[in-house]
Amino acid sequence: MRRPFRAQPSQKQGPTANEDIQAPDVQLIDVEGENVGITPTETARNMASEAGLDLVLISPNAKPPVAKILDLGKLKYEQQKKANAARKKQKTVEVKEVKMRPNIDTHDYEVKMKSVHRFFEAGDKVKVTLRFRGREMAHQQLGMELLKRVKEEVADISKVEAEPKLEGRQMMMVLAPR
């Protein structure tokens with residue numbers, strides 16, 4: 001016989017409020033932000049309900065815990081807005097890839113370097129990949145010279161995160177903005 005699925009009891013989100021407050025006494029702060037002093041929790045709950053608001057634990061670890069009379073829904077809304085604003089400001093660093101060949105022409109090289117500069121200005125890391133084909137594998141020093149040239153050209157705005165190394169038929173180097 002199969003046992004029925006039993007979901008875990010849901011954990012309450014946000015601060016402890018009203019009936020959930022276990023402490024016998026609290027340091028009470030009223031609606032205007034004035035410190036009332038140490039008050040029995042039941043009395044504080046009654047004061048909050050008379051004002052049509054909630055009793056919320058602000059600092060539960062203090063002795064006695066600090067509770068404030070305020071609107072719980074409004075507090076949760078403000079916290080959610082702050083969290084969303086913080087998430088919006090956060091920037092994820094992406095790794096952009098620039099592919100080259102060992103015998104790249106000067107104009108093509110300049111175009112690639114323009115995009116490398118643009119990526120650094122956006123705050124992204126750049127992975128420079130050199131692909132060798134056929135007999136180009138015999139001239140790996142050309143690839144090293146090209147990557148060294150790239151490194152020197154962007155030395156003032158970036159730092160080398162991964163030195164140039166050969167993996168199979170590709171030579172790679174990772175640069176990060178300063």
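**Two sheets, two cores**

Let me start with the core. In this predicted model, the largest nonpolar core holds 18 residues. M100, V128 and V150 have the most contacts inside that core. Five elements each supply at least two of its residues: β5 (95–100), α3 (106–121), β6 (125–131), α4 (140–153) and β8 (170–177). The largest share comes from α3, with five residues.

Take M100 as the way in. Leaving aside residues up to four places away in sequence, M100 touches Y109, K112 and M113. On the same terms M100 also touches V128, T129, L130 and R131, and then L146 and V150.

There is a second core, separate from that one. This second core has nine residues, among them L28, A44, L55 and A67.

Now the record. UniProt, in an unreviewed entry, annotates residues 18–85 as "domain: Translation initiation factor 3 N-terminal". The same kind of annotation, again from an unreviewed entry, puts "domain: Translation initiation factor 3 C-terminal" at residues 93–177. Here is what the model gives for each span. Residues 18–85 are 35% helix and 32% strand, with end C-alpha atoms 28 Å apart. Residues 93–177 are 35% helix and 36% strand, and there the end C-alpha atoms lie 10 Å apart.

On to the sheets. I'll take the one with β1 to β4 to begin with. What is the strand order in this open sheet? The order is β2-β1-β4-β3, four strands with mixed pairing. At the edges sit β2 (35–40) and β3 (54–59), and each pairs on one side only. From one strand to the next, the twist averages 35 degrees.

Look at β3 and β4 together. They form a hairpin, with six residues between them. The two strands run antiparallel, and five bridges join β3 to β4 (residues 66–70). One pair to click on: D54, whose bridge partner in β4 is L70.

Stay in that hairpin loop for a moment. P64 is in the loop between β3 and β4. The peptide bond from K63 to P64 is cis, with omega near -10 degrees.

What lies across this sheet? Helix α1 (residues 41–50) lies across β1 (25–29), β2, β3 and β4. Against β2, α1 runs at about 125 degrees.

One backbone detail comes before β1. N18 is in the segment ahead of that strand. Its phi is near 45 degrees, a positive value in a residue other than glycine. Is N18 buried, partly exposed or exposed? With a relative accessible area of 22%, N18 is partly exposed.

Now the other sheet. Again we have four strands in an open sheet with mixed pairing, and the order is β5-β6-β8-β7. The edge strands are β5 and β7 (158–167), each pairing on one side only. The twist averages 15 degrees from one strand to the next. β7 and β8 are antiparallel partners, paired over seven bridges. Within that pairing, V160 stands opposite L175 in β8.

Two helices go with this sheet. α3 lies across β5, β6, β7 and β8, at about 175 degrees to β5. α4 lies across β5, β6, β7 and β8 as well, at about 10 degrees to β8.

Last, two polar residues that are buried. S115 is in helix α3. Why does S115 count as buried? Because its relative accessible area is 13%, and the cut-off for buried is under 20%. A polar atom of the S115 side chain lies 2.6 Å from the backbone oxygen of K112.

The other one is E136, in the loop between β6 and α4. E136 counts as buried too, because its relative accessibility is 16%. A polar atom of its side chain lies 2.9 Å from the backbone nitrogen of R133. Setting aside residues up to four places away in sequence, E136 touches R101, P102, N103 and R131. R131 is a name you have heard already: M100 touches R131 as well.

To wrap up, go back to the two sheets. One reads β2-β1-β4-β3. The other reads β5-β6-β8-β7. Thanks.

Note on methods: Residues numbered from 1 in each chain as written. Predicted model: local features only at pLDDT ≥ 70, side-chain atom pairs only at ≥ 80, totals over all residues. Heavy atoms only, no water. Core = buried A, V, L, I, M, F, W, Y, C linked by side-chain atoms within 4.5 Å. Buried < 20%, exposed > 50% of the residue type's maximum accessible area, 1.4 Å probe, protein only. Contact = heavy atoms within 4.5 Å. Polar contact = N/O pair within 3.5 Å; in protein donor to acceptor, adjacent residues only side chain to side chain. Pairing = 2+ DSSP bridges. Axes fitted to C-alpha atoms, helices over the stretch in contact; angles between N-to-C directions. UniProt positions renumbered as here; feature names shortened; annotations may be inferred.
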